[in-house]
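Here is an informal walk through one protein chain. Have a look at it first, then read on.

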Amino acid sequence: MFDFRLKVFDTVAKRLNFTRAARELHITQPAVTKHVQEIEHQLGTQLFDRNGTKISLTASGNVLLKYTEQLFGIYRDMEFEIAQLSKQYKGLLRIGASTTIAQYVLPPVLAEFHGKFKDIKIELTIHNTEMIEQLLEQKKIDIGLIEGSSKSSLFHYTPFLKDEIVLVAKAAHPLAQKNMLKAEDLKSIPLLLREPGSGTLETLSFALKSVGIKINELQVEMQLGNTESIKLYLLHSDAMALLSIHSVLQELRNNTLTIIDVKKLSIERDFQFIQLLGAHNSLTALFLNFAQRYNFKL
């Protein structure tokens, strides 16, 4: 890192907690405070509003955070490209990806990766999250990309991309004009869900508990193992579905599907890389670093 002080600021800004930032950076809390104060002195502005034990970003802090993230992206690109100049990569990389990621996130990444590393052959296996974990444990794939929130001591998890699960329906749905539904309304709306073992279903089940709803209380019209099937079904029915925002971007742009907000229900998650502990190699590290640098545009 070319300026560690910016790294300290970035960590505090994202955690909004000096103690947690110090723990994450493996330095003392006074050292964190000192680095932030030095930046504030250099810029001649206050970066955080302090109210007792709580802090929040000032307008200046938000501006600095925006540019810090851009700078870190440039640093990563520079270090990555310089590191590749002296290396020649070839071989087979076996990737396993859960359905949503494989269908809607990975294709442009794989295309650009192949354009830069033509001597690396890629085999992509597509299954739900539960099966990807099994394949990795059996060493039938080298690295996985999953949607679920469960953790196992067998694996190392690396955040990849933010995702949000949203309630969608056909644009002409009778409830499409409603500004917002209540979480309780989900119990009476015909819903399409993904199949057991799906990361989307696992995340949904966990999120609904926060608003006092169990999966078995929902009016499930059908469970389907494919997001494309769910979307086509929606176009011909008054059912709704809770799907990844990445899976419906094209339909939203074409105005064939619409998002209906649910009050007090926000379902966010990380798509994650998953690797067997101690099983890293140069090709998996290369792909992981490359994918993390990819510029996704929603």
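Start with Asn-128: leaving out residues up to four places away in sequence, Asn-128 touches Ser-98, Thr-99, Glu-195, Pro-196, Gly-197 and Ser-198, where a contact means heavy atoms within 4.5 Å. This is a predicted model, in which local features need pLDDT of at least 70 and side-chain atom pairs count only at pLDDT 80 or more, while totals for chains, interfaces and linings use all residues. Residues are numbered from 1 along each chain as its sequence is written, and side-chain values use heavy atoms, with hydrogens and water left out.

Asn-128 sits in the loop between strand S4 (120–127) and helix H7 (129–137). Helices (H or I, at least four residues) and strands (E, at least two) are DSSP runs, numbered from the N terminus. With a relative accessibility of 17%, Asn-128 counts as buried; buried means under 20% relative accessible area, exposed over 50%, and partly exposed in between (1.4 Å probe, protein chains only). A polar atom of the Asn-128 side chain lies 3.0 Å from the backbone nitrogen of Met-131. That pair is a polar contact, meaning N or O atoms within 3.5 Å; within protein, one must be able to donate a hydrogen and the other to accept it, and residues adjacent in sequence count only if both atoms are side-chain atoms.

**The whole chain**

The chain has eleven helices and 13 strands. Its C-alpha trace spans about 60 × 55 × 40 Å along the principal axes. Of the 298 residues, 44% are buried. Among contacts between residues at least 6 apart in sequence, 75% join residues at least 24 apart.

**Around helix H2**

Which residues of H2 (residues 18–25) are buried? They are Phe-18, Ala-21, Ala-22 and Leu-25. These residues cover an arc of only 100° around the axis, so they are on the same side of H2; the arc is taken from the directions from the helix axis to the C-beta atoms. As background, an α-helix has 3.6 residues a turn, so residues three or four places apart point the same way. The cover over the buried residues of H2 includes helix H1 (4–15), helix H3 (29–43), strand S1 (48–51) and strand S2 (54–57).

Both ends of H2 have something to look at. At the N-terminal end, Asn-17 acts as a cap, with a side-chain oxygen 2.9 Å from the backbone nitrogen of Thr-19. After H2 comes His-26, whose phi is positive, near 60°.

**How H3 packs**

H2 and H3 pack at an angle of about 105°, with their axes 8 Å apart. Axes are lines fitted to C-alpha atoms, for helices over the stretch in contact, and angles run from 0 to 180 degrees between N-to-C directions. H2 and H3 are therefore roughly perpendicular to each other (under 35 degrees counts as roughly parallel, over 145 as roughly antiparallel, 65 to 115 as roughly perpendicular and the rest as oblique). On the H2 side, Phe-18, Thr-19 and Ala-22 meet Gln-29, Val-32, Thr-33 and Val-36 of H3. By class, that contact has four nonpolar, three polar and no charged residues. Here Ala, Val, Leu, Ile, Met, Phe, Trp, Tyr, Cys and Pro count as nonpolar, Asp, Glu, Lys and Arg as charged, and the others, Gly among them, as polar.

H1 and H3 also pack at about 105°, with their axes 9 Å apart. That makes H1 roughly perpendicular to H3. H1 brings Phe-4, Arg-5, Leu-6, Val-8, Phe-9 and Val-12 to the contact, and H3 brings Val-32, His-35, Val-36, Glu-38, Ile-39 and Gln-42. Eight nonpolar, two polar and two charged residues make up the contact of H1 with H3.

**Loop residues with positive phi**

Most residues other than glycine have a negative phi. Two loop residues have a positive one:

| Residue | Phi | Loop between | Relative accessible area |
|---|---|---|---|
| Asn-255 | about 60° | H10 (249–254) and S11 (257–259) | 56%, exposed |
| Lys-264 | near 65° | S12 (261–262) and S13 (267–276) | 74%, exposed |

**A buried loop residue**

Ile-189 lies in the loop between strand S7 (180–181) and strand S8 (191–194). Is Ile-189 buried or exposed? Ile-189 is buried, at 6% relative accessible area. Not counting residues up to four places away in sequence, Ile-189 touches Leu-175, Leu-181, Gln-219 and Met-240. Ile-189 and Leu-218 are 29 residues apart in sequence, and their C-alpha atoms are 7.8 Å apart in space.
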